[in-house]
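I opened this model to look up a few things about its sheet, its pockets and two single residues. My notes follow in the order I took them.

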Amino acid sequence: MSFKEGMQALADAVVEHLNSERIILGEAVVKVEREDGFYRVILENGESIEAKTLIITAPTYAAAEMLDELDQELSKKLREIPYSSSSTVSLGFKKEDFAHSLKGFGFVVPWTEKRKIMAMTWISSKWPFRAPEGYVLVRAFMGGALGEENIRVDNQTLLETALGEMKIIMGVEAEPVICRIFRWEKSMPQYTLGHENRVKFIESRLDRVHPGLFV
């Protein structure tokens, strides 16, 4: 399930119900300090915000940067969680030129196949309102922990790779009428060996040393 206007619709709806004076956009957090039971969030523009409770929802490598001065042990453990990067290649085709039936939602590629895409979602099959009448929309996923070398290339190469994999796997030879490429740097946390212990350490240290701070 999804929203007709995409997942951004959820964030927009939340913003509409919040007090806009309490929302700060486009300002990086430099560091977090603590004094007299309050956390002080220092922004890049020099301003600060104080609160008794602080929730950090950033990736752990970004949270580590914010908390370096507050707790180096905590920051060190947060940095131990690795992240991988990925890319998506969204392709639109004229339905009349598209040979595949697209019956289903797509497919996931086992690593043992040694392909250059991880998966493909048939967007217009999952959500008919994602493409206009007479067109189909598909999206290839590339990169990930075992395939980052496949996305360290320019956009044209990414496009050619996605089309080449579609031809081999699905027998599609049509030319797309639209292409959109998105790169998601360090977007996927990896639950590597020891992850459970790292999380236990982080949660325990927050509970014992930093009441009111949540990561």
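**Entry 1: strand pairs**

I began with Phe93, which stands opposite Val136 in strand 8. The model is a predicted one, and I read every entry below with that in mind. Next I looked up the pairing of strand 5 with strand 8: the two run antiparallel and are joined by nine bridges.

Strand 8 (residues 135-143) also pairs with strand 7 (residues 119-121), again in the antiparallel sense, over three bridges. I noted two facing residues here. Ala119 has Phe141 of strand 8 opposite, and Thr121 has Arg139 of strand 8 opposite.

**Entry 2: the whole sheet**

I then asked in what order the five strands of the open sheet lie. The order is 6-7-8-5-9, with antiparallel pairing. Strand 6 (106-108) and strand 9 (178-189) are at the edges and have a single partner strand each, so one side of each is left without a neighbour in the sheet. Direction ignored, neighbouring strands of this sheet are turned against each other by 20 degrees on average.

Which helix packs on the sheet? I found helix 5 (residues 155-170) there, touching strand 5 (83-94), strand 6, strand 7, strand 8 and strand 9. The direction of helix 5 makes about 70 degrees with that of strand 5.

**Entry 3: the largest pocket**

I looked up the volume of the largest pocket and got about 620 Å³. Its lining comprises 19 residues, and those nearest the centre are Val29, Val41, Ile49, Leu54 and Ile55. The elements giving two or more residues to this lining are strand 1 (29-35), strand 2 (38-43), strand 3 (48-51) and strand 4 (54-55). Sorted by class, the lining of the largest pocket holds 14 nonpolar, three polar and two charged residues.

**Entry 4: the second largest pocket**

The second largest pocket has about 450 Å³ of space. I count 23 residues in its lining, with Ser90, Ile123, Arg130, Leu137 and Arg139 closest to the centre. Strand 5, strand 8 and strand 9 are the elements that give two or more residues to this lining. Arg139 links this entry to the first: it is one of the residues closest to the centre of the second largest pocket, and it stands opposite Thr121 in the sheet. By class, I list 15 nonpolar, five polar and three charged residues for the lining of the second largest pocket.

**Entry 5: His210**

Is His210 buried or exposed? Its relative accessibility is 5%, so His210 counts as buried. I placed His210 in the loop between helix 6 (195-209) and strand 10 (213-214). Leaving aside neighbours within four places in sequence, I found His210 in contact with Tyr39, Leu70, Asp71, Leu74 and Arg205.

**Entry 6: Asp97**

Last, I checked Asp97, which lies in the loop between strand 5 and strand 6. Asp97 is partly exposed, with a relative accessible area of 46%. I also looked up its separation from Val136: the two are 39 residues apart in sequence and 9.9 Å apart in space, C-alpha to C-alpha. Val136 is the residue that Phe93 stands opposite, as noted at the start.

Methods: Residues numbered from 1 in each chain as written. Predicted model: local features only at pLDDT ≥ 70, side-chain atom pairs only at ≥ 80, totals over all residues. Heavy atoms only, no water. Pairing = 2+ DSSP bridges. Helix = DSSP H or I, 4+ residues; strand = E, 2+ residues; numbered from the N terminus. Axes fitted to C-alpha atoms, helices over the stretch in contact; angles between N-to-C directions. Contact = heavy atoms within 4.5 Å. 1 Å grid on protein atoms, 1.4 Å probe; cavity = no way out; pocket = protein on both sides within 12 Å on 5 of 7 lines; lining within 4 Å. Points joined across faces, edges and corners; volume = space filled by probe spheres on them. Nonpolar A, V, L, I, M, F, W, Y, C, P; charged D, E, K, R; others polar. Buried < 20%, exposed > 50% of the residue type's maximum accessible area, 1.4 Å probe, protein only.
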